[in-house]
Amino acid sequence: MEGQQKTGGMLKRIAGPVVTAVGLDAHMYDVVKVGTEELMGEVIKVDGEAIIIQVYEDTTGLRPGEPVSNTGLSLAVDLGPGLLTSIYDGIQRPLEVLVEKMGSFIERGVSAPGIPRDKKWEFKPLAKAGDEVVPGSIIGEVQETNIVHRIMVPPNVKGGKLKSIEGGSYTVEETIATLEDGTELRMMQRWPVRVPRPVREKKNPTIPLITGQRILDGLFPIAKGGTAAIPGPFGSGKTVTQQQLAKWSDAEIVVYIGCGERGNEMTEVLTEFPELQDPKSGKPLMERTILIANTSNMPVAAREASVYTGITIAEYFRDMGYDVSLMADSTSRWAEAMREISSRLEEMPGEEGYPAYLAARLAEFYERSGLVTTLNGDSGSVSVIGAVSPPGGDFSEPVTQNTLRIVKVFWALDAKLSQRRHFPSINWLNSYSLYLDSLADWYDREVSPEWNILRSWAMEVLQKEAELQEIVQLVGSDALPEAEQITIEVARLIREVFLQQNAYDPVDTFCSMTKQYDMMKAIRGYADLAYAAQVAGVPPTQIITIKAKNDLPQIKFTKDYEPMLDGIMKAMEAEFTQLRSSA
Amino acid sequence: MKEYRTISKIAGPLIFVQKTEPIGYGELVNITLSDGSTKRGQVLDTSDELVVVQVFESTAGLGRDSGVRFTGEAIKMPVGKEMLGRILSGGGKPIDGGPEIVPEKRIDITGAAINPFARGMPADFIQTGISTIDGTNTLVRGQKLPIFSAAGLPHNNVALQIARQAKVPGSVEEFAVVFAGMGITKEEANAFMQDFERTGALERAVVFLNLADDPAVERIITPRLALTTAEYLAFELGMHVLVILTDMTNYCEALRQIGAAREEVPGRRGYPGYMYTDLASIYERAGMIKGRKGSVTQIPILTMPGDDITHPIPDLTGYITEGQIVVSRELHRKGIYPPINVLPSLSRLMNLGIGSGKTREDHKKVSDQLYAAYAEGNDLRGLVAIVGKDALSERDRTFLEFADLFEGRFVRQGIDEDRAIGEGTLDLGWDLLATLPIEQLSRIDRELIEKYHPKFRAK
């Protein structure tokens, strides 16, 4: 870490990831180097002479008396070309570089810059000498992957007239432009992770983040710049849902934080993403992705930091005018890291041992999302989707409850559904989206004026089915009135054809909004024919067993589904006509 | 090495030592009693005035006159190829009457985290010969798949059957079993040992035994010794290692005991707040590494207190491991072995290890369909209890019968019955699915039905 070395101190006590130093001149959240191996740590408490430090690496072997020095800087990340396609640990050390430096296992005391310092990038100026620039102004660009990396005046530089600016091949630390007051501008900027990057204004979101997942886009959409939570017990499909979002959501940049999760799952992401193609650009998905992997057995303090590292990188791309989506899997692990550190500080615990500031930290984090007008007047967004892992699947626990108070979309995962292999196992009765009204216009315009009506109809059928199921549980389905037997069948179609989606099927894994509309319309088509036939006196057993609808699930797995769907609907109409004529 | 006689306090498994030179966090400590015997411990908290040491053996006989030596290094495990076939105590000392182990290497037992970037992707299907695992909750090399059980259920038999039958079809690579017993009874230990000897598995096994009457704190290091050995066999000698850890519930109890002795702020049900991190440091030591030959596959066994899957031990475990195999009391009562309830069971890595080229192209969809049909049949049982079988529709009756068939034929199998995946497990699945009307098989595409469904196969 560059910066001026301040006065040195000495270690006094070591107990796990939290250590105490004395004789150190330090402020809260200063980054310090601990011990002779210079392990990275951060000041989290000042208590008289004693400075309490959380250490981002394993502390085994540290002894009282070893030196501690203060860098005088806050925990910050490197921002600039080289971020995309990277895989970082919680404190922005590239894992690939760490493998080169220390082999397959993570040892300690190794530092590595977040973005390569020696790599040259082709800088293309978009401003010229004499132009007036302000913080956030885009002065040039670099073709980083298939994504253009826009080079901005850092938010903490005052701005002014450009004295010189020149295109060419530069490393991220070389000067690319100078202001009249002599300030030199480089492609790289650093930003402290615990401080939100400034924006001009926050706006209300009006465009959905299209994810290709039917239950999300169709029933419970999230807006670009919105927030969503996915709570669920283990095994209910949180990680698969998060990964589907990372793969298919129509954001331009994706930041995926694996916070305290499984190593093998991160490997799966690392192996799969480079092979997957962006449905829009046809380029590997990895080119728009930044991964942060801090697995459950990596140091707990770095887990606490990983969420901030991720959101800061997301904000940086937002400032360029991109739509960014950030997935955090799982925020419960993050909260537990806070709890662990807090209990080692012997702080008075709040609910279930979590620190009293849990709610505040969660709120601060989610509040860094949003659709904004950036400092330079562009529009950009950060959507945040946080997984929550409630102990025992109990949604009344503090992390879930405090999260629900903030987020606007709730996708409730349900172990019962996953047990019967209904995937994605999102419960359609408990979930909600508060963006429905603000997004209705978009659906009217971009999908069909009928869509919002179809959506409400489907929700009604599902709600009705839940009520009817209670009766069926008591008296059996044959005792229901005829019309309601049909409702049960229509609801079954909505569940099995529309809601169930196979993430592992090459076609079904992504479903466009048009296809979603066509599918729902087909189900509605069946429902209309069925109710009409029932009124005309056709017995419900015949209506329920018509053959043509059995082919509907095949639509999901078919790429050019339109002729097939037409065929099914025609066959269905023919069958109904026949039923009615013989009734 | 300086010996201190400055113990100021002894509380449960902890001793507090005063006025020492600077002592490293996590160091190994040797303690000498007045009768000359020695005990081992580890530094939990160090400052210039006071050092807290957790003693791995009983603190009986320890007093303020005991001598304490700090070794200046972390706890290390001597490892070598000749460990195969040996039985060691929970602290790593031979207890089979054989000679001391001549180490080829001494390795820190904490085990560094594998860099996620260096991990190899688990992809090799392990055939256990048990249909409910192979067919619907497939185990893959490098996975950690625990068995969630409860008191009085035959989880040990299931674990042994897996250890006996596990193989990667068509592969001839070297394999080994590392077994760590924590707080298990002598009787259970004997059962394991006899089975290992009967099948000749002991030659390829390293056994660590911390019995129920051994010191509880020793259980903290037993799994770490076992995993250090496993990693050595896997990543340095290139073997495929299956690690069985039983019973993790006893391990967690020991963790709680130490937390209480340190007067820490307890988390849920008195377990320490860092139990997730601590368990992760054990379970995450499974996997493969790019460019190295071997693999570590873990099958931890835990007994759920009060059969409660939301208890902190199974709960935190489930959030770390890649799925779980749930042993059910209800199936056991019905006399079905292995009593594995597939509904709450899950293998997260299943999709990496199955499909054409690995098992068979229809595997995933057959599994999904079996699940869906069994779940539906199982739900109907509740309904039948209220309204009677006659009130069910024709369709519902076939599903109800399917659930019984599934338990009776797919779940149930012999303790030595080793079913091959294709002809054994998947075809059996198809036979059962054939009892349902074809149009109810909505999870399977037409092509596969035409290829594998018995109705078409016969033609």
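Across all chains of this structure, which is a predicted model, the count of aromatic pairs comes to 20. One of them joins A:Tyr443 and A:Trp451, whose ring centres are 6.5 Å apart and whose planes enclose an angle of 25°, so that the pair is classed as stacked, the cut-off for that class being under 30 degrees. Both partners are withdrawn from solvent by the accessibility criterion: A:Tyr443 is buried with a relative accessible area of 3%, and A:Trp451 is likewise buried, at 1%. Elsewhere in chain A, ring pairs join A:Tyr308, A:Trp334, A:Phe365 and A:Tyr366 into a cluster.

Aromatic rings also take part in another kind of arrangement, in which a charged group is placed over the ring face. In chain A, the charged end of A:Arg197 sits over the ring of A:Trp191, at 5.2 Å from the centre of that ring. In chain B, the ring of B:Phe117 has the charged end of B:Lys290 over it, here at 4.4 Å from the ring centre.

From rings we can turn to pairs of charges. Side chains of opposite charge can pair when their charged atoms come close. Over all chains, 75 salt bridges are counted. One of these is formed by A:Lys202 and A:Glu367, with 3.6 Å between the closest N and O atoms. Because A:Lys202 belongs to strand 18 (residues 201–203) of chain A, while A:Glu367 lies in the loop between helix 7 (358–366) and strand 23 (370–373), this salt bridge ties together parts of the chain that are 165 residues apart in sequence. The two ends fall into separate accessibility classes, since A:Lys202 is partly exposed at 41% relative accessible area, whereas A:Glu367 counts as exposed at 51%.

A salt bridge within a single helix is found between A:Asp528 and A:Arg524, with an N to O distance of 3.2 Å. These two residues are both part of helix 13 (residues 513–535) of chain A, where a spacing of four residues places them about one turn of the helix apart. Each of them is partly exposed, A:Asp528 with a relative accessible area of 42% and A:Arg524 with one of 27%.

In chain B, the side chains of B:Arg395 and B:Glu376 meet in a salt bridge at 3.0 Å, N to O. This pair links distant parts of the chain, 19 residues apart, as B:Arg395 lies in helix 11 (residues 394–411) and B:Glu376 in helix 10 (residues 363–387) of chain B. Here again the two residues are partly exposed, with relative accessible areas of 25% for B:Arg395 and 23% for B:Glu376.

Salt bridges may also join into networks, and one such network includes residues of both chains: A:Glu261, A:Arg262, A:Glu265, A:Arg333 and A:Glu336 are linked in it with B:Arg348. This leads to the interface itself, in which 73 residues of chain A are in contact with 79 residues of chain B. The size of an interface is often given as the accessible area lost when the parts come together. For chain A and chain B that area is about 6,600 Å², of which 53% lies on carbon and sulfur atoms. On the side of chain A, the residues that lose the most area to chain B are A:Phe234, A:Asn264 and A:Arg421, which together account for 13% of what that side buries.

Eight salt bridges are found across the interface of chain A and chain B. A:Arg420 and B:Asp379 also form a salt bridge, with their closest N and O atoms 2.1 Å apart. Polar contacts across this interface amount to 32 residue pairs, counted where both residues have a pLDDT of 80 or more. Several elements of chain A each supply at least two residues to the side that touches chain B, among them strand 1 (8–15), helix 5 (300–319) and helix 11 (451–475). The largest share of that side comes from helix 4 of chain A, with eight residues.

A last stop is B:Glu27, found in strand 4 (residues 27–32) of chain B. B:Glu27 is buried, with a relative accessible area of 3%, and a polar atom of its side chain lies 2.9 Å from the backbone nitrogen of B:Gly24. Leaving aside residues up to four places away in sequence, B:Glu27 touches residues including A:Arg63 of the other chain, as well as B:Gln42, B:Phe70 and B:Glu73.

Note on methods: Residues are numbered from 1 along each chain as its sequence is written. Chains are lettered from A and ligands numbered from 1 in the order in which they are written. This is a predicted model: local features need pLDDT of at least 70, side-chain atom pairs count only at pLDDT 80 or more; totals for chains, interfaces and linings use all residues. Side-chain values use heavy atoms; hydrogens and water are left out. A salt bridge is a side-chain nitrogen of Lys or Arg within 4 Å of a carboxyl oxygen of Asp or Glu. Buried means under 20% relative accessible area, exposed over 50%, partly exposed in between (1.4 Å probe, protein chains only). Rings of Phe, Tyr and Trp (its six-membered ring) pair if their centres lie within 6.5 Å; planes under 30 degrees apart count as stacked, over 60 as edge-to-face and the rest as tilted. A charge sits over a ring if NZ of Lys or CZ of Arg is within 6 Å of the ring centre and within 35 degrees of the ring normal. Contact means heavy atoms within 4.5 Å. Buried area is the accessible area (1.4 Å probe) that two parts lose on being put together, summed over both. A polar contact is a pair of N or O atoms within 3.5 Å; within protein, one must be able to donate a hydrogen and the other to accept it, and residues adjacent in sequence count only if both atoms are side-chain atoms.
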